[in-house]
Amino acid sequence: FVSGQIPIDPKTNKIVEGDISIQTEQVIKNIKNILTEAGADIDNIVKTTVFLKNLKDFEKMNEVYSRYFKNKPARSTVEVSDLPKGALIEIEVLAIIEEK
């Protein structure tokens, strides 16, 4: 399980500036980095939950999301009233990692 990730730049520990596309890109990079540390990659993800501050951002978010999630894991997307640190997006994932 990777708990909800928001678009924090790990170098500055601040939310990246920009629209939903830029923030989605950062969230996915953060998730990829966490999975790499666990010995996995994005193809190990079987389920995602996307929390959007504004559901009208779905199309732009999905453009970025689709570039990364080629295996098309199950996904739920919901609009929420607020997210930590004023983020526009948060994503949590479930990945299966086979023991070697």
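This passage describes the nonpolar cores, strand pairing and selected residues of a predicted model.

The largest nonpolar core holds 20 residues, and within this set Ile45, Ile89 and Ile91 touch the most other members. Two or more residues are given to this core by each of helix 1 (20–37), strand 4 (45–52), helix 2 (58–68) and strand 6 (89–95). Among these contributions that of helix 1 is the greatest, amounting to five residues. Another core, which lies apart from the largest one, is made up of six residues, including Ile6, Ile8, Phe51 and Leu83.

The surroundings of Ile91 were examined with its neighbours within four places in sequence left aside. On that basis, Ile91 is in contact with Ser3, Gly4 and Gln5, with Val27, Ile28 and Ile31, and with Thr48, Thr49 and Val50. The pairing of strands places one of these residues more precisely, since Gln5 stands opposite Ile91 in strand 6. Strand 1 (residues 2–5) pairs with strand 6 in the antiparallel sense, over two bridges. Strand 6 also pairs with strand 4, again in the antiparallel sense, and here the pairing runs over seven bridges; in strand 6, Glu92 has Thr49 opposite. Of the seven residues of strand 6, five are buried, so this strand is largely enclosed by the rest of the structure.

In helix 2, the buried residues are Met61, Val64, Tyr65 and Tyr68. Seen down the axis of the helix, the buried residues of helix 2 fall within an arc of 100°, so they line one face of the helix. The elements that cover these buried residues include helix 1, strand 4, strand 5 (74–79) and strand 6. Tyr65, which is one of the buried residues of helix 2, also takes part in an arrangement with a charged side chain: the charged end of Arg75 sits over the ring of Tyr65, at 4.4 Å from the centre of that ring. As for pairing between aromatic rings, the model contains one aromatic pair, counted by ring centres that lie within 6.5 Å.

Lys47 belongs to strand 4 and, with a relative accessibility of 27%, counts as partly exposed, because its value falls between the limits of 20% for buried and 50% for exposed residues. When residues up to four places away in sequence are not counted, Lys47 touches Pro73, Ala74, Arg75 and Ser76 as well as Glu92, Val93 and Leu94. The C-alpha atom of Lys47 is separated by 17 Å from that of Asn33, a residue 14 places away along the chain.

Two loop residues were considered for their backbone angles. Asn13 is found in the loop between strand 2 (8–9) and strand 3 (14–15), and its phi is near 60°, a positive value in a residue other than glycine. The relative accessible area of Asn13 is 54%, and this residue is therefore exposed, the limit for that class being over 50%. Lys85, for its part, lies in the loop between strand 5 and strand 6; phi of Lys85 is likewise near 60°, which is a positive value in a residue other than glycine. With 62% relative accessibility, Lys85 counts as exposed.

Note on methods:
Residues are numbered from 1 along each chain as its sequence is written. This is a predicted model: local features need pLDDT of at least 70, side-chain atom pairs count only at pLDDT 80 or more; totals for chains, interfaces and linings use all residues. Side-chain values use heavy atoms; hydrogens and water are left out. Rings of Phe, Tyr and Trp (its six-membered ring) pair if their centres lie within 6.5 Å; planes under 30 degrees apart count as stacked, over 60 as edge-to-face and the rest as tilted. A charge sits over a ring if NZ of Lys or CZ of Arg is within 6 Å of the ring centre and within 35 degrees of the ring normal. A nonpolar core is a set of buried Ala, Val, Leu, Ile, Met, Phe, Trp, Tyr and Cys residues joined through side-chain atoms within 4.5 Å. Buried means under 20% relative accessible area, exposed over 50%, partly exposed in between (1.4 Å probe, protein chains only). Helices (H or I, at least four residues) and strands (E, at least two) are DSSP runs, numbered from the N terminus. Contact means heavy atoms within 4.5 Å. The arc is that of the directions from the helix axis to the C-beta atoms. Two strands pair if DSSP finds at least two bridges between them.
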